[in-house]
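Work through the exercises below with the sequence and the model in view. Each task is followed by a solution in steps.

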Amino acid sequence: MATAADRARVTTIPAAAGWSVAAASRTGSRRRINEDNWLVIPPGPGVGPGAPPSHPLLLAVADGVGGEAAGEEASATAVQALAGAWRAWRPPAAPTAAQAGEALLAGAREADAAVQVLAAQPHARGAATTLTAVAIGDGFLALVHAGDSRAYRLTGDTTIQLTADHSWLAEHPGPGQGGSLQSETPVRAHPMRHVITRYLGQPGGCPFDAQTLEREAADGLLLCTDGVTNVVSLDDLVTPPSSVARATGRAGATITPTDGAGRATEHVQRLLDLVEGRDGGDDATLIAAWPAPEMATDPFGLRRLLEPPRRGRRPLLAGVTATAAGLVTLGAAGAWLGPRVVDTLRRPYRPLPEPTAAAYLQAWEAGDFAALYGFLTPGAQRAIDRATFVQRHQSLNTELTLTGLTLTSPPAGGQGPGAGEAGPAGSSAGQPGAGAADEALVAFDAIYSTARFGELRRQNTLPLQWHDGRWRIAWTTAVMLPELSGGRMVRAFSDPATRGAIIDRQARPLALTPSEGAATVARQYPQGTVAGPLTGYVGEVTPEELADRAKDGILAGDRIGKAGLEGAADALLAGQRGGRLTVLTPNGEIATTLSSVPPRAGETVRLTLDLDLQREVEAALGDRAGSVIVLDPQDGSIRALATAPRYDPNAFVSGGDVSAILTDPAQPLINRPAQGLYPPGSIFKAVTMAAGLERGAFRPESEFTCTGRWTGLPGLSFDCWLRTGHGRLNLVAGLTQSCNSVFYEVGKRLDEIGANSLPLFAAQCGFGSVTGAIPGGEPAGVVPSPAWKRQTLNDGWARGDAVNMAIGQGQLLVTPLQVATFYGAIAAGGRRRGPQLLERALLPGGNVERLLSPPSRSPLPWGAATLDAVQAGLKNVVGTPNGTAAAIFGGSPLAGVTAGKTGTAEAGPGRQPHAWFTCYAPAEAPRAVVLAMLEHGGEGSQVAAPLARRVLEIALR
């Protein structure tokens, strides 16, 4: 179990503008992934000397919901969208509370919209998040809020909650409070305590609480998620001054009430310790903000009087100066003290440069290069335009293969190298009677984490100059990296590794690099078109791919897997690319080498595929566009994965006619079994039947009457494929004979039970999500639902949608591999195995190998009675005279031992339907599952079933 130190680290954010901020997020003791996120955006610089910041200080916390991975992505999406909207806002020099509140609410709505888009993705269904955000301006607070995270005002020893909880319990208080609960059930034990009623990502948009408040100068603020408030009492949330003025024991620091940064850090650390001590199971996130006391920098409150007038105040400098001079001349001390007080008052006051440096480093660390440019001095901006400045930083990151950047500088007044330096050499800045310095240096440490070259550490200095009433950065390229002075630049040179081979289950190669160690030799594909689209090919990385793959250590000129298994298993096959990170002089000579990494050969990937079977299956499929899959239902291993049309991957490395492949209207690049998306037609009826049985709406012996036309919805009628009708039959016979009327009725009843009944059940059966057999190479498909239809088509759900979906039509889209996997689970008695294509990886030399585990899957959500009924209906498809595939298997010894399902899916007006057939055998102890699908092939029973029978005979011989 991770320790508290492993789970949380308090971050102190130099927020400037008189505020000090600390934040931390602790992963709960019973969590694997932290669903929380926090956001701090320091105030933007104002315009003119002494002007208040233009952007107020922004604080926000978000607590994701919907499952750990989905919740983490939802909260991150929300804070990123809020940050983008906030930075895009262009406020006046001193925005009012109303203006800041409107901008904050607009940013929250942008975040809500972004989470709604995320929640529509198959991998993130149910993703949502709370959001509590506060903008701190000149004398005001603007707040937006949704969910059960909270914001508090901390006044002395008093805690005032600023937000209202949007939870079921908050809206249904107990007896005596005017609520609806019928008992005094303790909140902590109540089953509805975690149910929130407002959250980002909910259908129809999130209603936010929005308010603006006056800010008291001495008040602190605390934002936190429910992982804090569920275990920490209200009294514990405030930090008494006595607990602040004690030695922390951390780095030997003593925190005093006048130390704003220390107070915020100590407050967050103390609350984290409380949560940890009480074994908080949920993620706990906090942001504490305290105003830095003016006493720390202005003991007599005199410098404040020199600021330009704000909010209609009259300047008091002249009168106060005269009064002070007159008073101090009284008595014997007047002759000495008077001139010094007057000189102090007249001396131009400038804030310390460190907060500006810290804000610059924070923006740089976040990769906000456009904002970074705004910090530069006019002279630096004349020397380099914004676009070139941004491109220079991006190019450096690409050459470094940067994955992370950590920049730290000492606090204001610290003793680090260069800290506190001010003024040119020989100046008297800081001495009594001297003018304020125009230049300063702030030291900082940089840690560049790279994908290819490890970690680079540098000590550097940030030069600042006083311009137009604020500190600005006198930037040169040496700020990015000390070695880049004098027009030098970083260049990385790649040393490719020998790429691993792809082999079948008997070690026969599908792809290899000949002559071990000869990394420059072209990749070869000895099987030619056999499994060509499945194998894929390699090619030189494009600039667009490089922008996304630099974090993986990819450099310009590298060759990467582009498609098929070459792309899906690229991380295994590529090995560890080596290279040298150098600094070049302006004339192209190497000035120094920053890092050098040797290459390491890639692993050989062995597949579950049988090349002999693959060839025969492809021969059976011929040139007809479509897919054939053979898998073992006992372990989920894929024995053959055939597609047509096909291509030869050698064309991409030997100079073949690539353009003909790329422009072929038949689209041979698509690996149809895993990448093709189609309506499944009647093969989906097994899902519908199981859903009706599991929801208790029907029994296997439930009877129906088919006249050839179903009229179960007012004003609508739907035809059965058999126009004369099937007469009276039960549910099992309905599956055997593929009667549309039966399944229209089942779909209607399921929709009456709940509009999500059938969509949710289909998702639990594996539709609408990738199988994982070819990582990164599969679409998820579409399982339409009320939420999907509203978000995607901006339309409401109708009962006819469920009726259409029940026979595998409408907006439902699946891949052949999803269907084969589903029927493989039926064949395996409800257990879902794989599917698995990547079996194991072997290190160079072949002596060390590791198994590549298939994706873990839960069993089908079916009881034994449901499984028996579906299996009986499928066996009768082949083995009884009324079965839709009985004629195709007539006279075959497989007829009595095969279970299967035909499907004919409508594919648009004027086009032939898609033909489906899937089967497994022997039915009592299955050894093979076969799926055949022909695009626009016609009737499934007439076209796909004969193909599947031929392949099944080959697979079982």
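Helices (H or I, at least four residues) and strands (E, at least two) are DSSP runs, numbered from the N terminus. The model is predicted, so local features need pLDDT of at least 70 and side-chain atom pairs count only at pLDDT 80 or more, while totals for chains, interfaces and linings use all residues. Residues are numbered from 1 along each chain as its sequence is written, and side-chain values use heavy atoms, with hydrogens and water left out.

**Exercise 1.** Find where A507 and D279 lie, and state the sign of phi for each.

Solution. Step 1: A507 belongs to the loop between β21 (502–503) and β22 (509–511). Its phi is positive, about 70°, although A507 is not a glycine. Step 2: D279 sits in the loop between α8 (260–277) and β14 (284–291). D279, also not a glycine, has a positive phi of about 55°. Step 3: most residues other than glycine have a negative phi. Step 4: A507 is partly exposed at 47% relative accessibility (buried means under 20% relative accessible area, exposed over 50%, partly exposed in between, with a 1.4 Å probe and protein chains only). D279 is partly exposed as well, at 39%.

**Exercise 2.** Locate the cis peptide bonds that precede P645 and P835.

Solution. Step 1: A644 and P645 are joined by a cis bond with omega about 0°. P645 is in the loop between β29 (638–644) and α20 (651–654). Step 2: G834 and P835 are joined by a cis bond with omega about 10°. P835 is in the loop between α29 (816–827) and β34 (838–842). Step 3: most peptide bonds are trans.

**Exercise 3.** Is T129 buried or exposed, and which residues does T129 contact?

Solution. Step 1: T129 is part of strand β5 (residues 128–129). Step 2: with 0% relative accessibility, T129 is buried. Step 3: the T129 side chain reaches the backbone oxygen of D63 at 3.3 Å. Step 4: beyond neighbours within four places in sequence, T129 has contacts (heavy atoms within 4.5 Å) that include A62, D63, V115, Y199 and L200.

**Exercise 4.** Describe how α25 and α28 meet.

Solution. Step 1: the axes of α25 (residues 740–753) and α28 (residues 799–806) come within 8 Å and cross at roughly 135°. Axes are lines fitted to C-alpha atoms, for helices over the stretch in contact, and angles run from 0 to 180 degrees between N-to-C directions. Step 2: the two helices, α25 and α28, are therefore oblique to each other (under 35 degrees is roughly parallel, over 145 roughly antiparallel, 65 to 115 roughly perpendicular, the rest oblique). Step 3: residues of α25, including F743 and Y744, meet residues of α28, among them R799 and V803.

Conventions
Polar contact = N/O pair within 3.5 Å; in protein donor to acceptor, adjacent residues only side chain to side chain.
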